[in-house]
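Reader: I should like a close look at a single part of this structure, with the evidence set out step by step. Please begin from the aromatic side chains and work outward to what surrounds them.

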Amino acid sequence: MHTIKKIGQTFSYITPVSLTDRPILGMVVGNDKTLMIDAGNSEDHAKYFIKKTLKHENTKPDLVLLTHWHWDHIFGLPALLDTVSIASAKTRKEMEELLPFSWSDEAIDERVREGTEIEFCAKAIKEEYQDHRNIQVVLPDVTFDQRMEIELGGVTCVVQHIGGDHAADSVIVYVKEEKILFLGDCIYPKMYAEKVHYTVKETLRLLDELEAFDADTYIPLYQRPWTKEEFRQETDKLRMIVKFTDQCGGDRLKITKEYQNDVNRELKEDELETIAYFVNGYEIITKKSLV
């Protein structure tokens, strides 16, 4: 189900599970303090990671940092009530919106019909919480606006608000001494929308900010870690599709043809999917401009 893996001297992570939408969680262990990155999608998720990583009975991390407000990153927070929780002010504001929600099947299904919840997340919540549904949204103890540094003793984590199409409140964590950049979900498309999408302008801004970090390892939350070269390949792909989306006026067939000519091979499924997401975003932005 899960595997715990270590990178460098201080950083460990737990592999994701797609069925229940359990993302990668990170743990940075310094000489003085320990920082957990994201709280997981349930108390079970959080407790399992902590037990397998820190190993000592009843040991909890000193700090936990939430990368953004989506359920799969925050629902494990009740398992960390003795841990100082940190999030951006934007994340806390989004979490406050969840406080009145009921998480019964009926309430979740109604929000899907209303368009405030998406079917994928609804199914994953039901799968993760089969035996009980005592979901509690716990607000973070500490908030920040743009950037903060956390000194753990021999290792420093730079936490920076980065935004992006996926979630406007997204933050990233740069483990300075290990040159590890924990991306969270920031590089993924927007899911909470009528159509899953990327936008040209926001993608370019995001990539420019991410590429400013001197990292050797990149941690996206639903894939294995990327090397510097693999990250560059991913950003090159996004930049190329951005260019053709703009040049071709959001025309999917033209974008696909131009991109295929450029790479000189049959396109992979993820490339075709990414093109579709940019076409969706182009259409959304065009409609807004006409209003």
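How many aromatic pairs does the count come to? Please then take the pair of F11 and F182 and follow the chain on either side of that pair.

Author: The model is predicted, and the count comes to 13 aromatic pairs. In the pair formed by F11 and F182, the ring centres are 6.3 Å apart and the planes meet at 65°. Planes over 60 degrees apart count as edge-to-face, so this pair is edge-to-face. The two rings come from distant parts of the chain: F11 belongs to strand β2 and F182 to strand β11 (residues 180–184), 171 residues apart. F11 has 0% relative accessibility and therefore counts as buried. F182 is likewise buried, because its relative accessibility is 0%.

On the F11 side, the strand in question is β2, which covers residues 11–14 and pairs with β3 (residues 25–29) in the antiparallel sense over four bridges. One of the residues of this pairing is I14, whose bridge partner in β3 is L25. Both strands belong to an open sheet of seven strands with mixed pairing, in the order β1-β2-β3-β4-β5-β6-β7. At the edges stand β1 (4–7) and β7 (142–144); each has a single partner strand, so one side of each is left without a neighbour in the sheet. From one strand to the next, the twist averages 25°.

Helix α1 (residues 43–54) packs on this sheet, where it touches β1, β2, β3 and β4 (34–37), and its direction makes about 35° with that of β3. The helix has twelve residues and spans 16 Å from its first C-alpha to its last, close to the 16 Å expected at 1.5 Å a residue. Its buried residues are H45, A46, F49, I50, T53 and L54. They occupy an arc of only 120° around the axis, which puts them on the same side of α1. An α-helix has 3.6 residues a turn, so residues three or four places apart point the same way. The cover over the buried residues of α1 includes β1, β2, β3 and β4, and β2 is the strand that holds F11. Just after the helix, K55 takes a positive phi of about 70°.

On the F182 side, β11 pairs with β12 in the parallel sense over four bridges. Here L181 has Y218 as its bridge partner in β12. From β12 (residues 217–220), T217 and I219 point one way and Y218 and P220 the other, yet all are buried.

A further aromatic contact can be set beside that of F11 and F182. F75 and Y129 also form an edge-to-face pair, with 6.4 Å from centre to centre and 70° between the planes. This pair too links distant parts of the chain, 54 residues apart: F75 lies in the loop between α2 (71–74) and β6, and Y129 in the loop between α5 (119–128) and β7. Both F75 and Y129 are buried. Ring pairs join these two with W71, F101 and W103 into a cluster. The strands β6 and β7, each of which bounds one of those loops, are also where helix α3 (residues 89–96) lies: α3 runs across both, at about 100° to β6 (84–88).

To return to the part requested, F11 and F182 form an edge-to-face pair between strands β2 and β11.

Note on methods:
Residues numbered from 1 in each chain as written. Predicted model: local features only at pLDDT ≥ 70, side-chain atom pairs only at ≥ 80, totals over all residues. Heavy atoms only, no water. Pairing = 2+ DSSP bridges. Helix = DSSP H or I, 4+ residues; strand = E, 2+ residues; numbered from the N terminus. Axes fitted to C-alpha atoms, helices over the stretch in contact; angles between N-to-C directions. Contact = heavy atoms within 4.5 Å. Expected span 1.5 Å × (residues − 1). Buried < 20%, exposed > 50% of the residue type's maximum accessible area, 1.4 Å probe, protein only. Arc of directions from axis to C-beta. Phe/Tyr/Trp six-rings, centres within 6.5 Å; stacked < 30°, edge-to-face > 60°.
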